[in-house]
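Trainee: I am new to this structure and would like a close look at a single part of it, the strand that comes first along the chain. Could you take me through its surroundings step by step?

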Amino acid sequence: MYQPKISIVIPAYNASNYLAEAIDSALAQTYPNVEIIVVNDGSTDDGATERIALSYGDKIRYFSKENGGSSSALNVGIANMTGEWFSWLSHDDLYTPHKIKKQIEYLTFLNVKEEDIPK
């Protein structure tokens, strides 16, 4: 069965209020082949966003950059991802546990083949 790696990219700016819950929902995915990337977009919260992200250790990949907005943070995540597909999770949002699995099942249902994916 087609099981590509999915990179879940979480752009974060002053995100200490919900970031842990967002990361936890990404880690709780039932689809086994994911990586989680958190990009700190120049938060000005005395390091709170960074401390939360770094508390996850090697369960996530963490990047920090000067503030430039969500799209620039997403671009950093995409540039550093190792997955074939990416999924955007806002720092103040949650994924249900089967979200990525259902999306991959849908792609498989549509008969997407690995050779059809642009490189």
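Mentor: Two strands are said to pair if DSSP finds at least two bridges between them, and that rule is needed for what follows. Please keep in mind throughout that this is a predicted model.

Let us begin with the setting, and then turn to the strand. The protein chain has four helices and four strands, and, read along the sequence, these follow the pattern β-α-β-α-β-α-β-α. With 119 residues, a compact globule would have a radius of gyration near 14 Å, and the 15 Å of the protein chain agrees with this. Along the principal axes, the C-alpha atoms fill a box of roughly 45 × 25 × 20 Å, and buried residues account for 41% of the 119 residues.

The part to look at closely is strand β1, residues 6-12, where seven of the seven residues are buried. Both of its faces are covered, with I6, I8, I10 and A12 buried on one side, and S7, V9 and P11 buried on the other.

Strand β1 has β2 as one of its partners, and the two pair in the parallel sense over seven bridges; within this pairing, A12 has N40 of β2 as its bridge partner. To get from β1 to β2 the chain passes through helix α1, residues 19-27, in a β-α-β crossover that is right-handed.

Strand β1 also pairs with β4, again in the parallel sense, over four bridges, and here V9 stands opposite W88 of β4.

Following β2 onward, we find that this strand, residues 34-41, is joined by five bridges to strand β3, residues 61-65, and that these two run parallel. V39 has F63 in β3 as its bridge partner, while β2, helix α2 (residues 48-54) and β3 together make a right-handed β-α-β unit.

Finally, I6 of β1 returns in the lining of the largest pocket, where the other residues include W85, W88, Y95, K99 and L107. Two elements, β4 (85-88) and α4 (99-109), give two or more residues to this lining, and α4 gives the most, with five residues. The space in this pocket is about 150 Å³, and by class its lining has eight nonpolar residues, two polar and one charged.

Conventions: Residues are numbered from 1 along each chain as its sequence is written. This is a predicted model: local features need pLDDT of at least 70, side-chain atom pairs count only at pLDDT 80 or more; totals for chains, interfaces and linings use all residues. Side-chain values use heavy atoms; hydrogens and water are left out. On a 1 Å grid over the protein atoms alone, a cavity is a set of points where a 1.4 Å probe fits but cannot get out, and a pocket is an open set with protein on both sides within 12 Å along at least five of seven lines; lining residues have an atom within 4 Å of a point. Grid points are joined across faces, edges and corners, and a volume is the space filled by probe spheres set on the points. Ala, Val, Leu, Ile, Met, Phe, Trp, Tyr, Cys and Pro count as nonpolar, Asp, Glu, Lys and Arg as charged, and the others, Gly among them, as polar. A crossover is right-handed if, with the strands pointing away from the viewer, the path from the first strand over the helix to the second runs clockwise. The radius of gyration is taken over C-alpha atoms; the globule rule is 2.2 Å times the number of residues to the power 0.38. Buried means under 20% relative accessible area, exposed over 50%, partly exposed in between (1.4 Å probe, protein chains only).
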